[in-house]
Amino acid sequence: MTAPLLSVKNLTIDYIGEEKDFRAVDNVSFDVAPGEVFGLAGESGCGKSTIAFAISRLHKPPALIRRESTILLNGRDVLDLDDKALRDFRWREVAMVFQSAMNSLNPVLRIEQQFYDVLKTHKGMSRAQARDRTAEMLKLVDIAPDRMRDYPHQFSGGMRQRIVIAICLALDPRLVVMDEPTTALDVVVQREILQRINELRRSLGFAVLFITHDLGLMVQFCDRIGIMLAGKLVEQNTAEAIYGSPEHDYTKQLWASFPSLHGGVLL
Amino acid sequence: MTGQPILALDRVTKTFGHGPGAVHAARSISFSLHAGRALALVGESGSGKTTCARMAMREYLPTDGKILFKGKAVEAANAAEAAHYRRAVQMIFQDPFASLNPAHTIAYHLKRPLLLHRPDVKRSEIDATVRALLQQVKLDPDLVAPKYPHELSGGQRQRVNIARALAAKPEVIVADEPTSMLDVSVRLGVLNLLSEMKQEMKLGLLYITHDIATARYVAEDIAVMYAGQIVEWGNVGKVIDSPAHPYTKLLLSAVPDPDVRFDDPSVRLRPEDVEDIRRQSAMTQDRIVEVDPDHFVRAA
């Protein structure tokens, strides 16, 4: 097996309270290989987004990452980065797409300008270079490049989400963290976007940490899956095994709560 | 289907705005709700599902067409009939966090509809009726009645909403995405409860959802909407197992299915095809074809 791109070890995160602390993530360890799609599934409050935030170093107090935790990306400990290193690290090495990312575009700036901001800050590109790169990225997500002069409100929700994904990929990150990236979208749009991401990760080689509560979708897209319950990673296996032969009772219980299209429930 | 429907929409149209910028949110919509049966209205956001629900609730007045309550046009109703309609048709909303008043207890939420709509319940019986309603939705009255909404989970709140709807002794329940904001493990419980209520109390249920798998779980009949039109409708098993309209086929092929991997090239949706189906399906389709008994599809 090749060296993992991302290696999370003994990750423990508490939210510090006035009277007692809440353990959101409890001693979680997993690896993501280069080019792999790793899924984290679980219900709201199970800690999956807290992990995503930790990987991008987005936590602020009252969240406290306990000392025994390590998050290694290409062998470097993300938790030790200083401010400057962190600026270089975010977006260039790890990019993030959130559930409501389509609403994170600036409504008063043209799409072109929003790409330029990223490309100038991180790569020092000129206007002309940035425009070429923007056209190239928009084409990747099936949006006509001439629309870069438009504003966010002129696009549908699905197109805005694809634009955010294109901005994320513009710096060739090694890892893209996607936290419920398509939950707010319709199934057809969801399928179109994830299918495209799957093709892109095959051609560009980035890895994805994919977070969702929809197990069916996760099995379609992921290579390996981790199931979370109350801050703990209770089961971790290939997508085929999580679907075909789940071991933990909670995994079975989750499957039993999805009605099947063909009648009955999925398991 | 035999027997008179409780509630029927007959070629109902709703247009917002005027001229070239007008939005045709519902175009010639017809469906009927029968006692003890559920109709699932499925489609993507913007397809007109909620507009239909709001017309059924008389929150919007149709631009054209008729809404019939037990065979009588509701536009022609007098004040007493309108009040009866308000009681008989109840709604359950999508957001269980926003649809309960944070300043009042659960008991208060259930007393209000009883005082307003149920002159048959004596004042002295109100507390007992509140308890019975909570038991009906499988909540413990002693625990839940004195609590405030923020002390309950999403699933519990949605059960309170169901109890609140039942308090008015409805004949029709319109449930607009009642489980989409709930955690997956509590969704089925709420759907099972709705199904039980439907059967026991002989309710006509309009179940609005974008999740076609739960539609099959809850409903006997289904209507698939796209761009303001019902493009295909009929028996839920027939429509899902042998879809005839291109949009229904597209929708079904995109439903997350763990047996289908994205890496399999044979299941790839081509963006050009998707665009094409969307464009075709958005056009006015006047021809109605009966593919099978109790299975209809629209065509241009």
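These are my notebook entries on a predicted model with chains A and B.

**Entry 1: the contact between the chains**

I began where the two chains meet. Chain A brings 40 residues to the contact and chain B brings 33 residues. The size of an interface is often given as the accessible area lost when the parts come together. Here chain A and chain B bury about 3,300 Å² between them, and 55% of that is on carbon and sulfur atoms. I then asked which three residues supply the most of the area that chain A buries against chain B. They are A:R191, A:Q220 and A:L261, which together supply 24% of it.

Next I looked up polar pairs across the contact. I found 16 residue pairs in polar contact between chain A and chain B, counting those with both residues at pLDDT 80 or more. On the side of chain A that touches chain B, the elements giving two or more residues are helix 6 (187-204), helix 7 (215-221), helix 8 and helix 9. Helix 6 of chain A gives the most to that side, with 12 residues.

**Entry 2: salt bridges**

Side chains of opposite charge can pair when their charged atoms come close. My search of the whole structure gave 39 salt bridges over all chains, and the count between chain A and chain B is five.

I picked out A:D26 with A:K232, where the closest N and O atoms are 3.1 Å apart. A:D26 sits in strand 2 (residues 22-32) of chain A and A:K232 in strand 11 (residues 232-238) of chain A, so this salt bridge ties together parts that are 206 residues apart in sequence. Are these two buried or exposed? A:D26 is partly exposed at 21% relative accessibility, and A:K232 is partly exposed at 43%.

Two of my picks cross between the chains. B:R268 meets A:E199 through their side chains at 2.4 Å, N to O. A:D223 meets B:R261 at 3.7 Å, N to O. A:D223 lies in the loop between helix 7 and strand 10 (224-229) of chain A, while B:R261 lies in the loop between helix 10 (246-254) and helix 11 of chain B, so the pair joins two chains. I noted A:D223 as partly exposed, with a relative accessible area of 22%.

Within chain B, I looked at B:K72 and B:E81, whose closest N and O atoms are 2.6 Å apart. B:K72 is partly exposed at 41% relative accessible area, and B:E81 is partly exposed at 28%. I also traced shared partners: A:R201, A:R202, A:D223, B:R261 and B:D263 are joined by salt bridges into one network.

**Entry 3: aromatic rings**

How many aromatic pairs does the whole structure hold? My search found nine over all chains. A:Y243 and A:W255 make a tilted pair, 5.1 Å centre to centre with 50° between the planes. A:Y243 is in helix 8 (residues 239-244) and A:W255 in helix 9 (residues 249-256) of chain A, so the pair ties together parts 12 residues apart in sequence. A:Y243 is buried at 19% relative accessible area, and A:W255 is buried at 0%.

In chain B, I noted B:F16 and B:Y60 as an edge-to-face pair, with 5.3 Å between centres and 75° between the planes. B:F16 belongs to strand 1 (residues 7-16) of chain B and B:Y60 to the loop between helix 1 (49-56) and strand 4 (64-69), so the pair ties together parts 44 residues apart in sequence. B:F16 is partly exposed, at 31% relative accessible area.

I also checked for charges over rings. A:R127 lies over the face of A:Y116, 3.9 Å from the ring centre, and B:R58 lies over the face of B:Y85, 5.8 Å from the ring centre.

**Entry 4: two residues of chain A**

I followed A:F221, which lies in helix 7 of chain A. A:F221 is buried, at 1% relative accessible area, and forms one aromatic cluster with A:F210 and B:F262. Beyond four places in sequence, its contacts include A:V37, A:L194, A:R201 and B:R261.

My last lookup was A:S257, in the segment after helix 9 of chain A. A:S257 is buried at 8% relative accessible area. A polar atom of its side chain lies 2.6 Å from the backbone oxygen of A:L254. Across the chains, A:S257 touches B:V184, B:S185 and B:L188.

How values were computed
Residues are numbered from 1 along each chain as its sequence is written. Chains are lettered from A and ligands numbered from 1 in the order in which they are written. This is a predicted model: local features need pLDDT of at least 70, side-chain atom pairs count only at pLDDT 80 or more; totals for chains, interfaces and linings use all residues. Side-chain values use heavy atoms; hydrogens and water are left out. Rings of Phe, Tyr and Trp (its six-membered ring) pair if their centres lie within 6.5 Å; planes under 30 degrees apart count as stacked, over 60 as edge-to-face and the rest as tilted. Helices (H or I, at least four residues) and strands (E, at least two) are DSSP runs, numbered from the N terminus. Buried means under 20% relative accessible area, exposed over 50%, partly exposed in between (1.4 Å probe, protein chains only). A charge sits over a ring if NZ of Lys or CZ of Arg is within 6 Å of the ring centre and within 35 degrees of the ring normal. Contact means heavy atoms within 4.5 Å. Buried area is the accessible area (1.4 Å probe) that two parts lose on being put together, summed over both. A salt bridge is a side-chain nitrogen of Lys or Arg within 4 Å of a carboxyl oxygen of Asp or Glu. A polar contact is a pair of N or O atoms within 3.5 Å; within protein, one must be able to donate a hydrogen and the other to accept it, and residues adjacent in sequence count only if both atoms are side-chain atoms.
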